[in-house]
Amino acid sequence: MSLRSSPSVNLPLGHLSSELLALILEQLRDADPPSLRSVRLTSRRLNAIAIPITYRVLTLSESLVALDAEQRYPNAYNHITAYTNHVVIPGNLDPAGINRILLRILRLYSIRWQFVSKDLASDIWLPSDVLNPNNKRFTETMLYVENLPLSEIEIHHPPDRDTKGIPPRFLTSLKLTNPSPTLSTRLGPLKHLLLQASQLRTLHYEDRGQGTKFEFEREERMPRLFHLRLRSYDWQHSAEDVSRHWSFSRLESLQLVSVPVFNFLSSVSFDDLTNLHTLHVDEYSHLSDRRQEATVSLHRLVKNHVRALKVLDITCHTELFPIDAILAHRHSLQHLRFRDHVGFADDHENCPTLSANYVEMLSRNLICVHTLELDMDIKMCTPSDFLRAVCAFPSLHSLTLHVQTIVRPLEDVAPAELDRDYHAAMETFQFLIQNRPQAHWRRITINVGGWRRVMVRRLGEAWHSLNEVGIYAERCFVLERDNTGEVAVREEMCLKNSSRQPSPAP
């Protein structure tokens, strides 16, 4: 008996059910919104199915909130009334126009307010302009606030006033922006808002430098958070403080950047962190003398307590963090960033680097990892073996390698000479492509010498002289493949650092 494959069946879209078409168009909206508008022009049936999907999530614009918008776009306004459930509001739009649209929506499930700084003389739209706890239309509305400076909370949410710009009853997510200048110790208004926000699920706290912390009264307790990001938060809470004032038992995502990690891990119950799917830990600031102890505690948490991480993004003492903790998440891990505190900011230090055997062991077990970031000091490994092991990750498509500059500042280097770091990066790109089909790679980044988007260049007379002629230790090269399969290589440029700019992302 011979087995033959069945002939492929090509059915036009018109033969598919409306339910299946709706699912397809929802995927298209998420992947390529302009294409959804094009689909609406192909037939009346597809247009009828696509209209509710198009208007379900609405991002406001100047044209939509203009005074004459309803006369100019009557059909759009009718669709907004009937189909819109979620609204994204850039904060620099006309407040009256925003209110006109929101008040005509029949079922408003969420508002995402993206704060944009305006001239002090300009009116600013505030969520309290529409969201009233006594209005039954908004009982299920969730409020997501993004890019909000703490100073705006001090202005619009003073604890001693009844009128508040951010109604805590609706607040579901609060993401603060990096302040300039550094935050003061006046966190009372923010704490007051958080303590009243019983529905809050996501908190991103942003400060600069060492930061500051909340001072709690005896009976005060934070809401049960699902997602917590602390950047430059001076965590000095004791285990008793955490037990009394914080609730971590539902936490799914935890990010600690420039936070005293040892203090944090010493004060929380690891049993409350078992449901984490995302763990991001970078301690770049203070308490360097406790970093080794923090690494040991972090290893114990990841290996023995957290059940199934999808994202593990840590900077630690890698020699004190055996890879058995990483392998414990072999069935779930998709994104791995594993870096050492030493890094590549100093050309005189060797950066601890995983052996090729360990990288190969990770590649055999972490079959779901698609994004990988590692240190590769060529003094600490055989680069070809290391890179070959990296290429063995079966699902990998995005890779970032941190390496040291091969420029030696005390040698005579002329600007017209061979660009050593550039050619080394191109050779690395070529090796990775040759040892892994190009179609598998979406993006490869080679970060040289501790490059950051916002940074201060290396100090010292020798490097200063080289910088004057355009030779730098800190470089960043990117190979990227677009949706058409075309590959391009570019060098990323950094920004000048200043006290008015946000702190660089690690």
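Sorted by class, the residues around the second largest cavity come out as four nonpolar, two polar and two charged. In this predicted model, that cavity has a volume of about 40 Å³. Its lining is made up of T318, F338, D340, P352, T353, L354, L374 and D375. Two strands, β11 (335–340) and β12 (371–375), are the elements that give two or more residues to this lining.

How many cavities of 30 Å³ or more does the structure hold? The count is two. The largest cavity comes to about 50 Å³ in volume. Around it sit V261, V281, E283, R291, A294, T295, L298, T315, C316 and H341. Here a helix and a strand, α12 (291–304) and β10 (311–316), are the elements that put in two or more residues. The helix α12 gives the most to the lining of the largest cavity, with four residues. Broken down by class, this lining has five nonpolar, three polar and two charged residues.

Pockets, which are open, come next. The second largest pocket has a volume of about 410 Å³. It is lined by 23 residues, and those closest to its centre are M376, I378, I406, A424 and T428. Which elements supply at least two residues each to the lining of this second largest pocket? They are the helices α15 (383–391) and α16 (420–434), together with the strand β14 (443–448). Helix α16 gives the most, with six residues. As for chemistry, the lining of the second largest pocket has 11 nonpolar residues, alongside seven charged and five polar ones.

Stepping back to the whole protein chain, there are 17 helices and 18 strands. The chain runs to 506 residues, and 48% of them count as buried. About 25,600 Å² of the protein chain is exposed, with carbon and sulfur atoms supplying 50% of that area. Contacts tend to reach far along the sequence: where the two residues are at least 6 apart, 72% of contacts join residues at least 24 apart.

A single residue gives a closer look at the buried part of the chain. S173 lies in strand β5, which covers residues 171–176. Is S173 buried or exposed? It counts as buried, because its relative accessibility is 4%, and the cut-off for burial is under 20%. Leaving aside residues up to four places away in sequence, S173 touches L143, Y144, V145, L200 and T202.

The cysteines round off the picture. A disulfide is a covalent bond between the sulfur atoms of two cysteines. How many disulfides does a search of the whole structure find? The search comes back with zero. Two of the cysteines can be placed by their accessibility. C391 has a relative accessibility of 8%, so it counts as buried. C476, with a relative accessible area of 4%, is buried too. C391 also falls at the end of the range given for helix α15 (383–391), one of the elements that supply at least two residues to the lining of the second largest pocket.

Technical notes: Residues numbered from 1 in each chain as written. Predicted model: local features only at pLDDT ≥ 70, side-chain atom pairs only at ≥ 80, totals over all residues. Heavy atoms only, no water. 1 Å grid on protein atoms, 1.4 Å probe; cavity = no way out; pocket = protein on both sides within 12 Å on 5 of 7 lines; lining within 4 Å. Points joined across faces, edges and corners; volume = space filled by probe spheres on them. Nonpolar A, V, L, I, M, F, W, Y, C, P; charged D, E, K, R; others polar. Disulfide = S-S within 2.5 Å. Buried < 20%, exposed > 50% of the residue type's maximum accessible area, 1.4 Å probe, protein only. Contact = heavy atoms within 4.5 Å. Areas by Shrake-Rupley, 256 points an atom, 1.4 Å probe, with all protein chains shown as cover.
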